[in-house]
Amino acid sequence: MEQLTEIRVRTKIPESEMEQKVGKILAESDYNVRLTGPARVMLPDGKPLLIYLPRYLNGERFEQAYDVLHPIKMSGNRGLASGAPGFTVGGRRRYKSVNSAIIGNVDPLGNTPYCRTTAWTGDHAEEFSSLFPLFMDVDRAFAEYVPDRYLAQKKRANATLPEWMVGDTVFTTMTVNNTYPTGVHKDAGDLDEGFSCLTTWRRGNYSGGHLTFPEWRVSVDLKDGDLILMDAHHWHGNTALNLMSEDAERISLVLYYRTKVADCASAEEEAHKEVMAKKRSMGETRPTSAVWNGSTTALGKIPSMDIDAMNESVSTSD
Ligand SMILES: [Fe+2]
């Protein structure tokens with residue numbers, strides 16, 4: 001196990017100041033501690049905020065994963081075609097909808113009131129499973145460095161139908177962001193007592209994109225293969241990304257457990273729900289209020305938490 005420098009933060013910025021940063025891209029002035037070596041940052045209550053493990057992931061399987069993850073941004077061309085609003089990163093136009101994708105499995109959300117494997121995952125089953133050894137490396141780091149959170153998540157994973165877990169890990173779902181700085185947010189829909197794991201691939205030349213916890217004024221400039229284990233229920237976001245070469249690219253992969261996946265029925269039953277939902281949306285049957293075993297995600301009744309989770313599908317982490 002790597003020797004970690006343990007840091008305990010004692011103060012957070014005033015709530016009023018924090019509120020003004022929500023949703024915004026951060027600046028260098030939003031932190032005054034930048035981690036440059038292996039570290040564990042503890043909160044005043046003794047709970048971990050993050051564990052930073054530089055260059056934890058490397059070698060062939062890490063390099064190969066880039067080849068799988070890199071083209072994912074191309075799969076969302078609808079965003080460009082539909083003229084989705086873009087934004088500018090370092091003078092270049094980027095399109096929000098093509099830069100973030102969910103892979104793995106998700107619980108019922110919005111107009112998909114059934115558990116499912118995401119579209120990319122279904123269409124690229126072989127490439128997805130080629131990532132499992134890398135996911136196992138992340139799983140191992142999580143178990144080693146944050147054992148109590150890992151055990152809590154493992155317990156949930158063990159109580160979840162295996163078809164909704166990704167390989168032999170404690171993760172159900174991954175978010176892939178490509179060259180996409182996120183505004184300040186807290187993750188929604190993932191396990192409270194668990195932890196999120198995040199790694200990055202860097203290509204070309206860019207600066208910024210520092211993963212920052214503005215409330216505690218702590219930041220990390222993630223390098224290729226760095227792994228951060230973090231409590232994503234604390235405010236976090238990126239500083240602005242400045243692309244300085246044509247091939248500049250920052251891919252981040254976030255691995256987590258989606259809490260409501262624990263309630264998913266068998267793949268067969270969920271597929272049946274999907275067929276029924278599609279039929280209903282085509283007007284073949286009339287909507288009823290007591291569908292999906294009383295789940296609150298019946299059409300037209302989306303709890304606000306799920307709206308947050310849906311937003312996560314285009315704006316999750318870093
Ligand atoms: Fe996040």
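Let's start with Leu227. Leaving aside residues up to four places away in sequence, Leu227 touches Leu53, Tyr56, Leu57, Val138, Ala141, Cys197 and Thr199. Keep in mind that this is a predicted model. Now, where does Leu227 sit? It belongs to a core. The largest nonpolar core has 64 residues, and Leu227 is one of five that touch the most other members. The other four are Phe142, Ile228, Leu229 and Leu255. Helix H6 gives the most to this core, with 6 residues.

Next, the strand around Leu227. That is S14, residues 227-230. In a regular strand, side chains alternate between the two faces of the sheet. Look at S14 with that in mind. Leu227 and Leu229 point one way. Ile228 and Met230 point the other way. All four are buried.

Who are the neighbours of S14? On S4, 4 bridges join that strand to S14, and the two run antiparallel. Leu53 has Leu227 as its bridge partner there. S10 also pairs with S14, antiparallel, over 4 bridges. In that pairing, Cys197 is matched with Leu229. Leu53 and Cys197 were both among the contacts of Leu227.

Now zoom out to the whole sheet. It is an open sheet of 9 strands with mixed pairing. The order is S1-S3-S4-S14-S10-S17-S9-S7-S8. Which strands are at the edges? Strand S1, residues 5-8, and strand S8, residues 116-117, each pairing on one side only. Helix H6, residues 132-145, packs on this sheet. H6 touches S4, S10, S14 and S17. Its direction makes about 50° with that of S14.

Start at the S1 edge. S1 pairs with S3, residues 39-42, in the parallel sense, over 4 bridges. Ile7 has Val41 in S3 as its bridge partner.

Move along to S17, residues 249-256. Is S17 enclosed or open? 7 of its 8 residues are buried, so the rest of the structure largely encloses this strand. S17 has pairings with S10 and with S9. With S10, the pairing is antiparallel over 7 bridges. Thr199 stands opposite Leu253 there. With S9, residues 173-178, the pairing is antiparallel over 6 bridges. Thr175 has Val254 as its bridge partner in S17.

One more stop in this sheet: Ala101. Ala101 lies in strand S7, residues 100-106. Why does Ala101 count as buried? Because 23 other C-beta atoms lie within 10 Å, and the cut-off for buried is 20 or more. Ala101 and Ile72 are 29 residues apart along the chain, yet their C-alpha atoms are separated by 7.4 Å.

On to another sheet. This one is open too, with 4 strands in the order S2-S13-S12-S15 and mixed pairing. S2, residues 33-35, and S15, residues 237-238, are at the edges. Each has a single partner strand, so one side of each lacks a neighbour in the sheet. In this sheet, S12, residues 211-213, pairs with S13, residues 218-220. They are antiparallel, over 3 bridges. Thr212 has Ser219 in S13 as its bridge partner.

Now a helix, H8, residues 267-281. H8 has 15 residues. From first C-alpha to last it reaches 21 Å, close to the 21 Å expected at 1.5 Å a residue. Which residues of H8 are buried? Glu270, Lys273 and Ala277. Two of those names may catch a biochemist's eye: Glu270 and Lys273. Seen down the helix axis, the buried residues fall within an arc of 50°, so they line one face of H8. What covers them includes S8, an edge strand of the 9-strand sheet. On the other side of H8, Glu268, Val275, Lys278 and Lys279 are exposed. After the helix comes Gly283, with a positive phi near 80°.

Last, the chain as a whole. It holds 9 helices and 17 strands. Of its 318 residues, 42% are buried. Take the contacts with a separation of 6 or more. Residues 24 or more positions apart account for 80% of those. Leu227 with Leu53 is one contact to look at on screen.

Note on methods:
Residues are numbered from 1 along each chain as its sequence is written. This is a predicted model: local features need pLDDT of at least 70, side-chain atom pairs count only at pLDDT 80 or more; totals for chains, interfaces and linings use all residues. Two strands pair if DSSP finds at least two bridges between them. Two residues are in contact if their C-beta atoms, placed from the backbone, lie within 7 Å. Axes are lines fitted to C-alpha atoms, for helices over the stretch in contact, and angles run from 0 to 180 degrees between N-to-C directions. A residue is buried if 20 or more other C-beta atoms lie within 10 Å of its own, exposed if 12 or fewer, and partly exposed in between; C-beta atoms are placed from the backbone. A nonpolar core is a set of buried Ala, Val, Leu, Ile, Met, Phe, Trp, Tyr and Cys residues joined through C-beta atoms within 7 Å. The expected span of a helix is 1.5 Å times one less than its number of residues. The arc is that of the directions from the helix axis to the C-beta atoms.
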